[in-house]
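This report describes selected local features of one protein chain. It deals in turn with backbone geometry, surface charge, strand pairing and burial.

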Amino acid sequence: MEQALRYLANGWSVVPIIPGTKKTYTKWKPFQLRLPSEAEVLDWFTRYPNAEIGMVTGSVSGCHVLDADVRNGADPQALLAKYPTGVIAKSARDDGSCHLFYASDEVICESQIDRDALGPGVDPQVEKNIVVLPSPNNGRTWLSFTEPSPFPRELIKKAAPVPKPSNPITASKASAWVEAHANRLGVTREEVEETGKVKVFFPCPWIEEHTAPNAERDAALLVDPAGGIGFNCFHGHCAERSVRDLCAKLALPLPPRSESPAPGASRTNEPPRFRRLTSLTAKPDDTVWVWKGFLARGKVTMYAAKMKKGKSSLEFQLMAEAQEGGELLGQTVAPAKFVLLSEESEDTLIQKRDAYGLTEDTVLLMCREDAYPRRPFAETFHEAIVQAEAFGASAILVDTWTFWTNQKKDEEKDAGSAQAIYDILFEAAAKNIGVMVLHHLRKSPGEDATDEVRGSGNITAAADILITMTNVKGSDTQRTISVVSRFRNSPPKLIADYVDGRYILLGTPSQLSFKAQLHALLAVLPVNEGNAAGITRDQAYSTLKEKHPQARISKTRLKELFSHFDSKHLLEKAGSGVKGDPERFWKNTEVVPLDITEEVKAA
């Protein structure tokens, strides 16, 4: 751990490596753009004490590497004589193979390297690669650790090709605007993507608000080949800022707008793609469920109920079950960690933590006290994503939408505002982190679950899974839990009992209806004692209609119930069932009374 921190202090983007491989314990793509924080490094090497130390090569670390592998014909001594440097690491193999380190903040891609000049067996580890560094547990050592030489310019055969823009007129307007204001922006470098989009890097004008290292590389203008210009900064507080904000900050004129194609004109040189329906093939379901049917990694769940009806109780029951893995509402809960944004105070959170037995260190939280002074939701949620990745959390729980987004009622009703919030939530989903947002239902019921959630229809439309919870009519403790989902694994509707802050599954509405009908029929069946007359089907139907109308048992349903009882040996019967000798029924006293729960599930 200490050595990883020393490498970090050297300005290197370090990541934890699975021993004997070049695979990382954590997602390493974010660290191609920024250095990890000291807290992230401490967390990684505490959780993975046997991890080796890797370095992300390229501009983020200011360091590119030449990997000289003797097995593939490399001559490290000749390479070092031709391209000397002061930082050299010996391979774990004792065959003379080594890594030569060279300094450069420039983006250098593998396609730019002149491999003929390198010779056989030399692999350039340049932009966005990983090399394993010497550490106490991997057998690698430093042969020299002084000053690295600049990366040899003679190895760069050419700059990355710039794709020809699809619309030279508008693209030249965008490029001219950037070129005209390059000094004011403080442009440091450019990157060209395969799509033709150009990234123009410069120091963020809000740099004084940054806390991450290498803040000067946190801002970029994205120049589209069609002439559009966008602003992006990888620091959370800039997530909601735009080109308009940038121009206002630097007192620059707005760039020219990109020209839209004329109606009917093609946007690309290729025609639209059509395929036969029969040519489509099914893809395997790779959904990773945190709570089967309700919450999945990389998906967004909206969970809504009226105020003070036990929303957060279900949330805490989920976190408790996920400590070691368990079951909730009849569905599997996987072992998981969570990042919790809670509107509740520390006092109530302590009470709930103790009441639900949250004894494992599986929840990282911000509570009401942490929310002040208020920050933009984008900034808070972006930091939640960073913390979730470092903590190894499977999902972020937001309790509630209203408190953390700080939206007013009129903003909740605005479709654009709702979509902007989802754009922020989808950032977590894109990193394979699940999101569950708690929200409120309207005071008056809607036509269906999607219409009952407070605010714009976009609040529910964009969610992958929508859960609504309402009171069962006539009951203070029973809840109807309805689920609208894009997944077949989600149950459509459940009934649960809310007792002592916990939810106990009673079943689906059809199961409960069947159970009630079974009990009603058992109630009217006589016991075969003291010459008691049995009851016919017609008599049972009349009695049920008179004494148990709420069971709503039709003659067809009654026939099914008798057949079910008979197959389970719950009846005694007599009579041939012909005219003048109808079948008559009694309870089987050796079996009844009984708990019918299993019968209901079996049926």
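Threonine 400 is placed in the loop between strand 21 (395-399) and helix 11 (401-405). The peptide bond that joins aspartate 399 to threonine 400 is cis, with omega about 10°. The model is a predicted one, and the values below are to be read accordingly.

A second cis peptide bond links tyrosine 372 and proline 373, where omega is about 0°. Proline 373 belongs to the loop between strand 20 (363-366) and helix 10 (377-391).

**Positive phi angles**

Asparagine 432 is not a glycine, yet its phi is positive, at about 65°. This residue sits in the loop that runs between helix 13 (415-430) and strand 22 (434-440). Because its relative accessible area is 32%, asparagine 432 is classed as partly exposed. Aspartate 500, likewise not a glycine, has a positive phi of about 50°. Its loop lies between strand 25 (493-499) and strand 26 (502-507). With 73% relative accessibility, aspartate 500 is exposed, since the class begins over 50%.

**Charged surface patches**

The loop between strand 20 and helix 10 also holds aspartate 370. Together with Glu346, Asp347 and Glu369, Asp370 forms a negative patch on the surface. Aspartate 370 has a relative accessibility of 32% and therefore counts as partly exposed.

A patch of the opposite sign is made up of Lys27, Lys29, Lys128 and Lys431, which bring positive charge together on the surface. One of these, lysine 128, lies in the loop between strand 6 (122-125) and strand 7 (130-133). Its relative accessibility is 36%, so lysine 128 is partly exposed.

The accessibility values of individual residues discussed in this report are collected here.

| Residue | Relative accessibility | Class |
|---|---|---|
| Lysine 128 | 36% | partly exposed |
| Valine 290 | 2% | buried |
| Aspartate 370 | 32% | partly exposed |
| Asparagine 432 | 32% | partly exposed |
| Aspartate 500 | 73% | exposed |

**Strand pairing**

Which strands pair with strand 4? Strand 4 (residues 87-90) is antiparallel to strand 5 (residues 98-103), and 4 bridges connect the two. Within this pairing, lysine 90 faces cysteine 98 of strand 5. Strand 4 also runs antiparallel to strand 8 (residues 141-145), again through 4 bridges. Here isoleucine 88 has serine 144 of strand 8 as its bridge partner.

**Buried elements**

Is valine 290 buried or exposed? Valine 290 is part of strand 14 (residues 289-291). It is buried, because its relative accessibility is 2% and the limit for that class is under 20%. Valine 290 and threonine 332 are 42 residues apart along the chain, while 8.2 Å separates their C-alpha atoms.

Helix 8 (residues 311-321) is mostly covered, as 10 of its 11 residues are buried. Nonpolar residues among the buried ones include Leu314, Phe316, Leu318, Met319 and Ala320. The buried residues of helix 8 also include Lys311, Ser312, Ser313, Glu315 and Gln317.

Key. Residues numbered from 1 in each chain as written. Predicted model: local features only at pLDDT ≥ 70, side-chain atom pairs only at ≥ 80, totals over all residues. Heavy atoms only, no water. Patch = residues over 30% accessible without salt bridge, like charges linked within 9 Å, V, L, I, M, F, W, Y side chains within 5 Å. Areas by Shrake-Rupley, 256 points an atom, 1.4 Å probe, with all protein chains shown as cover. Salt bridge = Lys/Arg side-chain N within 4 Å of Asp/Glu carboxyl O. Lys, Arg positive; Asp, Glu negative; His and termini not counted. Charge placed at Lys NZ, Arg CZ, Asp CG, Glu CD. Buried < 20%, exposed > 50% of the residue type's maximum accessible area, 1.4 Å probe, protein only. Pairing = 2+ DSSP bridges.
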